[in-house]
Amino acid sequence: MQTIRSITKMQKASRQLAARSKTIALVPTMGNLHEGHLSLIRCARKTADVVIVTIFVNPKQFGPKEDYKKYPRDEKNDIAKIKKAGGDIVFIPKATQIYPDDFQTYVTVEKLSQTLEGKSRPEHFRGVTTVVAKLFNITRPDVAIFGAKDFQQSKVLKQMTKDLGYPIKFVIAPTVREKDGLAMSSRNRYFTVEQRHQACCLYYALRTAREMVKSGIKDVRTIKSEMRAVIKATSPKCKIDYIAFTEFDSLKPVSKASKSTICSLAVCVHNVRLIDNMRL
Ligand code: AMP
């Protein structure tokens, strides 16, 4: 496996691969890899000749009060994990290369970026779409793989891919969970054992919503109130940012839940902001 740190070298490598008619699958990550990331790499392995994984903690997608500086970084172990999961190239650019001093061009997806996470984290998606557009331009993939764990992000990026006409097949892979249901996340490392247990409140609430819909309860207000109770019973001091029921594709809010509804939520557990979602 090859590690590339320079944009010019990465561009050259992807152009050479294309010249040899090799298809490329791209898996963008912020590193500190867990089984969720590795599932995307394994999925990529099945879809193209060459798998490029990027590690870049993108400063533009963190708000001023968020954890950019303390975000866990573990490059050496990440490289070993990518190799084992079937990656061919790992691209690790520096922030100063991606965003030189005179950087001033951004990509924004309008409507889909404004709801849910976009309301709580105003600049977040602009940072995500800008960096992913740059990574697409540098690596020129045929396939790009993202996780359903960040459901809204996958929708925003899919829209960007379509709107900007990138000739890229867009794949959304399922969320990988711990045995107790907690969605795997690099931020789970911040928790003590007891806090980690409380972090399951998001999954318990989503499971409750799904069971209620299955049993015929459709009223979103009723389901939300039960979800809040489940969250507070599991993690009494947590702060619920939002619980939202939306249409799967448009992300427009619904008042009656159905099988095509997606429930998304964001909860701060011991000052760690977690997100999760489930199709009902
Ligand atoms: P991140 O490193 O958090 O930016 O995530 C990189 C990619 O991995 C994104 O497409 C995420 O949606 C995906 N991802 C993160 N956690 C999971 C998970 N638990 N299951 C599946 N995909 C995930």
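In what order do the six strands of the open sheet lie, and is their pairing parallel or antiparallel?

**Entry 1, the sheet.** I worked on a predicted model, and I began by reading off the strand order, which is β1-β4-β3-β2-β5-β6, with parallel pairing in an open sheet of six strands. I then looked up the edges and found β1, residues 2-4, and β6, residues 169-173, each of which pairs on one side only. For the twist I noted an average of 25 degrees from one strand to the next.

**Entry 2, β5 and β6.** I turned to the pairing of β5, residues 143-147, with the edge strand β6, and found that five bridges join these two strands, which run parallel. Looking up I145, I noted that its bridge partner in β6 is V171.

**Entry 3, helices on the sheet.** I checked helix α2, residues 35-47, and found that this helix packs on the sheet, where it touches β2 (24-29), β3 (50-55), β5 and β6; the direction of α2 makes about 155 degrees with that of β5. Helix α8, residues 151-163, also packs on the sheet, touching β5 and β6, and I recorded about 175 degrees between the direction of α8 and that of β6.

**Entry 4, a pocket.** I next looked up the second largest pocket, in which about 260 Å³ of space lies. I found 15 residues lining this pocket, and the closest to its centre are I55, V57, E75, I92 and P93. Sorting the lining by class, I noted eight nonpolar residues, one polar residue and six charged residues.

Technical notes: Residues numbered from 1 in each chain as written. Predicted model: local features only at pLDDT ≥ 70, side-chain atom pairs only at ≥ 80, totals over all residues. Heavy atoms only, no water. 1 Å grid on protein atoms, 1.4 Å probe; cavity = no way out; pocket = protein on both sides within 12 Å on 5 of 7 lines; lining within 4 Å. Points joined across faces, edges and corners; volume = space filled by probe spheres on them. Nonpolar A, V, L, I, M, F, W, Y, C, P; charged D, E, K, R; others polar. Pairing = 2+ DSSP bridges. Helix = DSSP H or I, 4+ residues; strand = E, 2+ residues; numbered from the N terminus. Axes fitted to C-alpha atoms, helices over the stretch in contact; angles between N-to-C directions. Contact = heavy atoms within 4.5 Å.
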